[in-house]
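Work through the exercises below with the model open. Each task is followed by a solution in steps.

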Amino acid sequence: MRYLIRNGSIIDPTQRVATVGDVLVTDGKVERLFEIADRAAEQHMVGDDVEIIDARGAVVAPGFTDLHAYLRQPGEEHKETIASGTLAAAHGGFTTVCAMPTVYPTHDTAATVRLVQELARREGHVHVDVVGALTVGREGRALADLAELAEAGCIAFSDGDRALSDSALMRHALTYAAALGLPVMSLGQEARLSAGWAMHEGAVSTRLGLPGFPAAAEEALIARDIALAELTGAHLHICQVSTAGGVSLIRAARARGVRVTADVSPHHLTLTDRWVLGSLAAHDPPPPPQSRPGRKRSPHPELGLPSWFDATRLPPYDPSTRVCPPLRTEEDLEALAEGLRDGTIDAIATGHSPQSRVEKECEYGLAAPGISGLETALALVLSLVHRGEMDLVDLVARLTEGPAQVLDRSPATLRPGARADIVIFDPDATWTVDATRFVSRGQNTPLHGQRLKGQVLLTMAGGRIVFRRDRAGTPEAAPAP
Amino acid sequence: MAPSSTEHPRRRHAIDLDDFSSTEIEEILTTAESMKEVLSREIKQVPALRGRTIVNMFYEDSTRTRISFELAARALSANIVNFSARGSSVEKGESLVDTVRTLQALGADIVVIRHSQAGAPYLVARHFRGSVINAGDGRHAHPTQALLDLFTIRERLGQIHGVHVLILGDIIHSRVARSNLWGLTRMGARVTLCGPATLLGPPAYWTATWPEVRVSYHLDEVLSSADVVMALRLQKERQQAGLLPSLREYTRLYGLNPERLARLGERVLIMHPGPMNEGVEISPEAATAPNAVIEEQVTNGVAVRMALLYRLAG
């Protein structure tokens, strides 16, 4: 099968390309890129046996890689399955998803890793990589058989949404993983400092009377892990950094040569703890300006003030805003965007955490943390581009090249001969989030009913169209079989 | 800015005082005066809420608040049913939302809820067609306690505007402190929060929401300017959690003891939302001093809750 993607704005960070042109895909691989000037050669090469995909006005980029998603299978199929999670990924423009080991049983033996790989091969819509468990049962007491997991094909080790409290064991884990050439992924949460947490600790948690997860609880663990990475020479990857202090620690460590990489989620880049106030924020004075002088921020009146999205649409204490790490402050958002811009943060990772209604339709402090994030990720991070805070090519790099570098593999690319993992998206299309129409089983999002800007039109994984939207009509399209 | 009462001609829920205007609070306190008169009669009952069903939904132990609501409902001739988490469907794992739907199906008009989780009354309000009154949710809010405190201050001092209220003790864990912050600042009182730094947190956490509030860690520096001292209950678990060196040190620095009582003068009101830990945050001498109004607070609580029930359902 051959496809010719025509007239798109081609963005390929690996080739430093940003141009209008066509992409020819043949037998699952990129055959060639044509700039407008190459039209003559194109007509010569492309015969009649080709499906034309019109990408006029849209961006054509390598498919995205998500370093951090909870696919919930095996064990919690009422929340998500590998089939539904990878379909959500396809809708979000992701062609590779790293499955975190928060499953039951966890990825602590080659057997469960192979089960996930097999399910992904048979039922997955996009490519799935498996993150092995760091400790047996993710209990933080004894290392899992890391070499066995590496041999089974795991691409990193992590205890998922649990940070490893035992510092000595973390040291051994880093040392051992380094010998296997794989990164250890760590979530910044010092357990005692965040015990009983419901949301970010600060003025909003004080007003609402909710127990806090202070920024220091994240920073303390990141600092410890960086010290251990420095000691062991291992590759440490910080997942879902959410605080300004965390970004500073990572930046300083990288500057002195520590092998530390990091990712940030779309919601931590765009939403603050004021979302927990929901409609209570409507009568509040706006938060004090914390912007650094000289920072440009062009307001987009069509999507409302003070931030891009309207938190006051939610009721107070809406459990959809509960996520780990918690939504932080405006100041943190700015530091995260700065870190993403300057490369301190390598990748955008969704932290996709689908939950069922049972886990979310309850008291705030009892609700399971998590946001179903794959289907809104692109639109959220594009807001940085629309606000003039980030360059579109750099943003695409953080979704493609950045995560590939974290995994120490060659990035998704539109170079000839590369696997045809491609996303086509319209950065300017506005749409209203309707969580009830998510293909993910998790409808848990604080963004239901919000207007977002930027929409995936087509996702191709390995040369197969796994998602396609009808551009003329409603944003619904039948998923690829 | 508080929404004015004209924007909300009829209040449906009372979850916190943050959405009460000063006018509305005044009206409730004035209604409460009439209710207090009703309670002084020989027949302590009026037919205002006859035929209405109120459910007391208590997920946390409480004696005074539950009984206070019960007496208030009866004095207004409403039917009131008590529901406590122990021995109910909650122990079988029924969710709060399911319980609320059940109470709705049973015909409840008003739910009064006490819950250990902050924000729970908002969840109830979303799934209930009637009115919800918050009788205390986690550390978040206890609006009827704040209203009865306002009533007591107004009754004893003649006004609330300009009065300096010192809230003393375990502020960070206190729903009483938070609701009083809304109520007192809206009525024009000056508020100082005082307690050990571990039970207060950084001042900016408070001033971001209540800019006019003063925060102090030193009781003896702020005591002399107070018109009202509101001591909060200190739970002994705070010491076990490492928030306090010892109860002895707490009592020495923040206890309302006879020496401090002497410095206060006779016009300064001593208040406590109860239950008291006598000998910890308040000495028996202070609790029974002529200017202590702790029992009056309890009496006024019934009148204020009658006024609120009447406003929601009358």
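**Exercise 1. The two domains of chain B**

How many residue pairs in polar contact does the rule find across the interface of domain 1 of chain B and domain 2 of chain B?

Solution. The rule finds eleven such pairs, both residues at pLDDT 80 or more. A polar contact is a pair of N or O atoms within 3.5 Å; within protein, one must be able to donate a hydrogen and the other to accept it, and residues adjacent in sequence count only if both atoms are side-chain atoms.

The model is predicted: local features need pLDDT of at least 70, side-chain atom pairs count only at pLDDT 80 or more, and totals for chains, interfaces and linings use all residues. Residues are numbered from 1 along each chain as its sequence is written, chains are lettered from A and ligands numbered from 1 in the order in which they are written, and side-chain values use heavy atoms, with hydrogens and water left out.

Now place the domains and describe their interface.

Step 1. Domain 1 of chain B covers 17-141 + 298-313, and domain 2 covers 143-294. Such bounds come from an automatic or database domain assignment. Taken over C-alpha atoms, the two centres are 25 Å apart.

Step 2. Domain 1 of chain B brings 33 residues to the contact and domain 2 of chain B brings 26. Contact means heavy atoms within 4.5 Å.

Step 3. The two domains bury about 2,500 Å² between them, with 61% of it on carbon and sulfur atoms. Buried area is the accessible area (1.4 Å probe) that two parts lose on being put together, summed over both. Leu17(B), Leu29(B) and Arg139(B) supply 27% of what domain 1 of chain B buries against domain 2 of chain B, more than any other three residues.

Step 4. Four salt bridges cross this interface. The term asks for a side-chain nitrogen of Lys or Arg within 4 Å of a carboxyl oxygen of Asp or Glu. In a salt bridge, the side chains of Glu60(B) and Arg175(B) meet at 3.1 Å, N to O.

Step 5. On the side of domain 1 of chain B that touches domain 2 of chain B, α1 (22-39), α2 (64-75), β3 (110-115), β4 (131-137) and α13 (294-313) of chain B each supply at least two residues. Helices (H or I, at least four residues) and strands (E, at least two) are DSSP runs, numbered from the N terminus. The largest share of that side, nine residues, comes from α1(B).

**Exercise 2. A glycine in a strand**

Is Gly136(B) buried or exposed?

Solution. Step 1. Gly136(B) sits in strand β4 of chain B.

Step 2. Gly136(B) is buried, because its relative accessibility is 0%. Buried means under 20% relative accessible area, exposed over 50%, partly exposed in between (1.4 Å probe, protein chains only).

Step 3. Leaving out residues up to four places away in sequence, Gly136(B) touches Ile113(B), Arg114(B), His115(B), Ala141(B), His142(B) and Arg175(B).

**Exercise 3. Chain A against chain B**

How many residues of chain A are in contact with chain B?

Solution. Step 1. The count is 22 residues of chain A, in contact with 25 residues of chain B.

Step 2. The chains bury about 2,000 Å² between them, 57% of it on carbon and sulfur atoms. Thr206(A), Arg207(A) and Glu363(A) supply 30% of the area that chain A buries against chain B, more than any other three residues.

Step 3. Three salt bridges link the chains. Arg101(B) forms a salt bridge with Glu361(A), with the closest N and O atoms 3.7 Å apart. Helix α6 (residues 203-208) of chain A gives the largest share of the side of chain A that touches chain B, four residues.

**Exercise 4. Backbone and loops**

Which peptide bond leading to Pro105(A) is cis?

Solution. Step 1. It is the bond from Tyr104(A) to Pro105(A), with omega near 0°. Pro105(A) is in the loop between β7 (94-99) and α3 (110-123) of chain A.

Step 2. In chain B, the bond from Gly274(B) to Pro275(B) is cis too, with omega near -5°.

Step 3. Phi of Asp27(A) is near 50°, a positive value in a residue other than glycine. Asp27(A) is exposed, because its relative accessibility is 61%.

Step 4. Ser77(B) also has a positive phi, near 70°. Ser77(B) is buried, because its relative accessibility is 14%.
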